[in-house]
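Subject: Structure for you to look at

Hello,

Please find the structure below, and my notes on it underneath. Keep it open while you read.

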Number of protein chains: 4
Amino acid sequence: MAFNFQSDYMEGAHPLILQRLAETNLEKTAGYGSDPYSLQAKERIREACECPQAEVQFLVGGTQTNATVISALLRPCQGVISAETGHIAIHEAGAIERGGHKVLIVPHYEGKISAADIDSYITDFYADANYSHMVMPGMVYLSQPTEYGSIYSKAEMADIHDVCRKHHIPLYVDGARLAYALGSPQNDLSPPDLARLADIFYIGGTKCGALFGEAVVMPDPGLIPNFFTVIKQHGALLAKGRIVGIQFLTLFTDDLYTRLGRHALSMAEMLKEGLHAKNIPFFFEPPTNQLFVILPDSLVFGPDGQAGFCFWEKYDDSHSVVRLATSWATTPADINQFLALL
Amino acid sequence: MAFNFQSDYMEGAHPLILQRLAETNLEKTAGYGSDPYSLQAKERIREACECPQAEVQFLVGGTQTNATVISALLRPCQGVISAETGHIAIHEAGAIERGGHKVLIVPHYEGKISAADIDSYITDFYADANYSHMVMPGMVYLSQPTEYGSIYSKAEMADIHDVCRKHHIPLYVDGARLAYALGSPQNDLSPPDLARLADIFYIGGTKCGALFGEAVVMPDPGLIPNFFTVIKQHGALLAKGRIVGIQFLTLFTDDLYTRLGRHALSMAEMLKEGLHAKNIPFFFEPPTNQLFVILPDSLVFGPDGQAGFCFWEKYDDSHSVVRLATSWATTPADINQFLALL
Amino acid sequence: MAFNFQSDYMEGAHPLILQRLAETNLEKTAGYGSDPYSLQAKERIREACECPQAEVQFLVGGTQTNATVISALLRPCQGVISAETGHIAIHEAGAIERGGHKVLIVPHYEGKISAADIDSYITDFYADANYSHMVMPGMVYLSQPTEYGSIYSKAEMADIHDVCRKHHIPLYVDGARLAYALGSPQNDLSPPDLARLADIFYIGGTKCGALFGEAVVMPDPGLIPNFFTVIKQHGALLAKGRIVGIQFLTLFTDDLYTRLGRHALSMAEMLKEGLHAKNIPFFFEPPTNQLFVILPDSLVFGPDGQAGFCFWEKYDDSHSVVRLATSWATTPADINQFLALL
Amino acid sequence: MAFNFQSDYMEGAHPLILQRLAETNLEKTAGYGSDPYSLQAKERIREACECPQAEVQFLVGGTQTNATVISALLRPCQGVISAETGHIAIHEAGAIERGGHKVLIVPHYEGKISAADIDSYITDFYADANYSHMVMPGMVYLSQPTEYGSIYSKAEMADIHDVCRKHHIPLYVDGARLAYALGSPQNDLSPPDLARLADIFYIGGTKCGALFGEAVVMPDPGLIPNFFTVIKQHGALLAKGRIVGIQFLTLFTDDLYTRLGRHALSMAEMLKEGLHAKNIPFFFEPPTNQLFVILPDSLVFGPDGQAGFCFWEKYDDSHSVVRLATSWATTPADINQFLALL
């Protein structure tokens, strides 16, 4: 039952997506994203971002998207600034380094990085007499929401935007779980804000109701020259591009994307209440779909020593921190079942 | 209508695949290919290849698979031998070079390469006094069927296998369209033959009835160490791995994969007969799902100069060679419609 | 004795260079090319090129220089156009591919490429409906003189320059043996012409009288941002930068560089006359320091099957083409000794 | 005068090296290290290491050597463990990442890393349930002496060797300043010890009396297949290989290399005594040729704000830590001049 909240990519896709794939299945369309569904989906995303000139491209997964965007944006000898807890810093098997670039680490605060730290990093870098022997900061990477479920406010993102402008480097936002930020009652950063404050970002599909797929948005379409070919070179171009186009078209029809986020958040709220009622201590309690609680190891680990949860870290000798993630697919039954177990 | 035969990836997936995805949609499973469907699909593929010890991994697309496998197999300073017409030599936007390796060209015969040419290439290479300043041949790449729709016989593949063994380099077979070789009446090279003669190969899903997906088979599971992590680093690992697992499980149940190939081939036969009846000249007439015919430019190009066909090359001043591809999804109606047009 | 003409890098350095290294040996100077000798050498090179604003950087060797410049100039998915006989295409062990880029081949005429072929290559490329799936031509590479000892006239270089401008890609000239072009009576392409017609080029030291070292000249100093750091990253930055600075300062004092070229050319002339007098047939007879003659295999190969010459290619069953290279260090005695042998 | 101790690569080469280069200058020898001087130098190094089967190769500089060795040793998805203060982690402009690999950081103790920390790093890594999504530790890098001038004892190196063996990964030792470890009275780790305990290491020439050059020693000659070609591909192969061969032959004749180290160490001793006599506080006082002292900023920085010293870090509001390096070329006069200044 713990398994219910292991992650937010345990099911297939929102049923409407499967329905749309089935309805269009035997139509013949051109490949590589030039089909009408992909074009329409891109248009819907531009509308949602209030950014009519934006270039939108569909890729398949998050690590792939990060590797493709970052290696295309950086010049040789440049690195990408990231939280030490950033996905690219730890959990992408060195995909950024394989592209030839170093991940430059700044401290994190529940997963977030600060404009002040970025500013200091860059200022100190150029104050070092040997800076021309070192990897230059060439862009900033952050996630909304972060690995820890925290979110940047509009003001915080604007500050980071300003620091990036000041130092003439682009800001890239990884929105693998963007729906769960957009659906949070505490969120004040809308897609149009993102399109205004980030130089490039992606809207995550895989974790937010799609089978797979991520939509990269470049408000300035000239930012990465020949981006289509870059995507192809990275093996990130789907031959049957419409399969991801149809998914995003569905997600951006009738605001389904944000509605899925809101559902996950209301489920997180219900789960939180149930945990509080049972006096389960929280490690932290972020405003999105991920909760971090402290549980006794006897509950966390099975007799085989395997964690039945998404193990986060040891808390003390007999307790561990585990992550619980709700999703677009979570049901009240999942929650009740789980709470009954505790 | 020409559009009917533009390529073999114009539709979605075989309806059984969509049905299976829908049936399993809300089940919760672990990610990254550790779900029961993926494990079962791998087992079915091992059975079809009569190779119980083989390592099977699922990736998303063909360029990605080639880039991942080739860069993992080659050591620094090694290159991959390929036909000058090979997909990796032309149409992968430099994905192999991005991985740090040169494509070493040998001549082609209707898309195929010969054991004798490979042998000469390697022998001549090491006879050159300066070979240690040059890119060493480190593996052989070929496609079954080839870009030109031709297929290797079992004897030809065995000869190439022997040359590779003689020179201690692995043989890699790109099976993006493998179903259309397996479905050909002229084919005598079975999956178990492939598993015996190739060091590594992939069974193509994208062009053969799946939404997307390619299954890499390594008869010797130690060939690429940590292949799972290599796949992750290349951004080729699907979070919801079961999406591709379920597709291959369906394709390898009741021999659907070969049956789809046979269907495409019978459609190709019907199309061929219709073209012959209309005295349309053939450029070449391979034994799989691709036909190459010579058509007047007035038919090939629209008033806007855009080709309504898959243009192959100019034939003379007023004619062009075009490729026609049937697929698992082609219907007799598609063919009749098209023949009526000519 | 054949060994006398094996190559143009068989001796140390011009004695003046060793003398200057000895004279300055115990001075203390700052590292990495910021010493007064390096600065002065750069200034002399700017003067010789009549290009006061040029950025000049010193690297160690030719393959390294090509790899560094080309990977810094190209964007992802771009390749470099080169003669099929170009040094980067064959004899750099895949250094360009290791940098992530494909070498795009055009035909050669005694080692040279033509403006017309480059123009066709690029025009045909963009006429291909699938060009966005292919490696884009991003720059042109050529050598002056070429691998075959031929040289580009000022008019030919201007034509290639114009084609590059037309297609908005830079022209890079590998001058590993530049002294031997400059010293040729047939040459009409001066360093200032090069600085006007090429976007970037290097003046070779290793083969032209230095112990080692190549001087890259960028007439537009903004062409490669942070070029110093790029050089460092490629391991091409000498800690004791003055060692190469002093060498180039010596070579560019009193026009020593061109005088060394002229000496090699007069020795080539003397050798040519001697060979003609002995009726040795020429394979080709380029206007620089390399000669290609046809010799009986009995002379070319020792009893151990090893070539005592720089073997070029088989001519017929009993003869081979060999390359003879004179250099700044060749003496009349070397020539007489060699001719006596024939 | 502070300039006297800025670094250990401020002069040319030991005069005997220049003399040997001059004596052999006009001899004709084959290129790329196949000349008799290079062969002899390699033999001397094998003797000094008591390792007759070792493969020895000469490269040009330190960053280049590190980048070449590390990228050749690591498989895809592997990283190199290093001190956070390691040269490869900071001052090589991302050369390791350009080769596709991450630098994995462990803590340092005055520049050194510990066997226990390496062991924990690797053990913890494989205990992480997600390790297959992360960069695997594939080798260990350390410097002897370190960036901080500290040295590993034979016992410490043996412990690190044992941990590497336990985890089946190679140990690579960067000996850029090896002479200054060998010359230290506190050193008990001889070249034969190194050849026994490290899988690969280099003997630094650039900072230890040569114009430039580093000698890589592989006790197991099969460790990096085709290492010659790998070196060529990295642009690290000198055409006139004898230039570096002659230098190492000179350094390894009559034990010159260690004698130069001893000289630098005796100069460091004299400098230390002078500084103590003047009550200059030490930040740390390592047993090799580098000293770290605390000086008032008024002395460290010129009126232009530029440091006249090798600035290490700020100590407090009005003091800085500076590094003083003696070398093979330091004279008592240099020291007296400098002490007079304080």
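Where chain B meets chain C, the contact takes 18 residues from each of the two chains. On the chain B side, these residues comprise eight nonpolar, seven polar and three charged ones. Please keep in mind that this is a predicted model.

How are chain B and chain C placed relative to each other? A turn of 180° with a shift of 0.0 Å along the axis lays chain B on chain C, with an RMSD of 0.0 Å. The two copies meet through the same surface, because 100% of the interface residues of chain B are also interface residues in chain C.

Chain B also touches chain A. Here 42 residues of chain B are in contact with 42 residues of chain A. Which elements of chain B give two or more residues to this side? They are α1 (15-23), α3 (62-73), α5 (95-98) and α10 (227-233) of chain B. The most comes from α1(B), with four residues. Sorted by class, the side of chain B that touches chain A has 20 nonpolar, 16 polar and six charged residues.

The relation between chain B and chain A can be described in the same terms. Chain B is laid on chain A by a turn of 180° and a shift of 0.0 Å along the axis, and the RMSD is 0.0 Å. The two copies are therefore related as by a two-fold rotation axis. Both copies use the same surface, as 100% of the contact residues of chain B recur in chain A.

One of the helices at that contact, α3(B), was looked at in more detail. How long should α3(B) be, at 1.5 Å a residue? Its twelve residues should span 16 Å, and its end C-alpha atoms are 16 Å apart, so the two values agree. Is α3(B) mostly covered or mostly open? The helix is mostly covered, with twelve of its twelve residues buried. Among them are B:Gly62 and B:Thr63 at the start of the list, B:Asn66 and B:Val69 further on, and B:Ala72 and B:Leu73 at the end.

Next, a single chain. Chain A has 14 helices and eleven strands. Its C-alpha trace spans about 60 × 55 × 35 Å along the principal axes. A compact globule of 342 residues would have a radius of gyration near 20 Å; chain A has 20 Å, which agrees. Buried residues make up 59% of the 342 residues in chain A. Counting contacts in chain A between residues at least 6 apart in sequence, 74% join residues at least 24 apart.

Chain A is also split into domains. The domain assignment gives domain 1 (2-9 + 257-341) and domain 2 (15-256). Note that domain 1 is listed in two stretches, 2-9 and 257-341. The C-alpha centres of the two domains of chain A lie 27 Å apart. Across the boundary, 17 residues of domain 1 are in contact with 22 residues of domain 2. Which helix of chain A gives the most to the domain 1 side? Helix α12 (residues 256-277) does, with eight residues. The residues of domain 1 that touch domain 2 divide into nine nonpolar, five polar and three charged.

That is what I have.

Regards

Note on methods
Residues numbered from 1 in each chain as written. Chains lettered and ligands numbered in written order. Predicted model: local features only at pLDDT ≥ 70, side-chain atom pairs only at ≥ 80, totals over all residues. Domains from an automatic or database assignment. Contact = placed C-beta atoms within 7 Å. Nonpolar A, V, L, I, M, F, W, Y, C, P; charged D, E, K, R; others polar. Least-squares fit on C-alpha atoms with pLDDT ≥ 70 in both. Expected span 1.5 Å × (residues − 1). Buried ≥ 20, exposed ≤ 12 C-beta atoms within 10 Å, placed from the backbone. Rg over C-alpha atoms; globule rule 2.2 N^0.38 Å.
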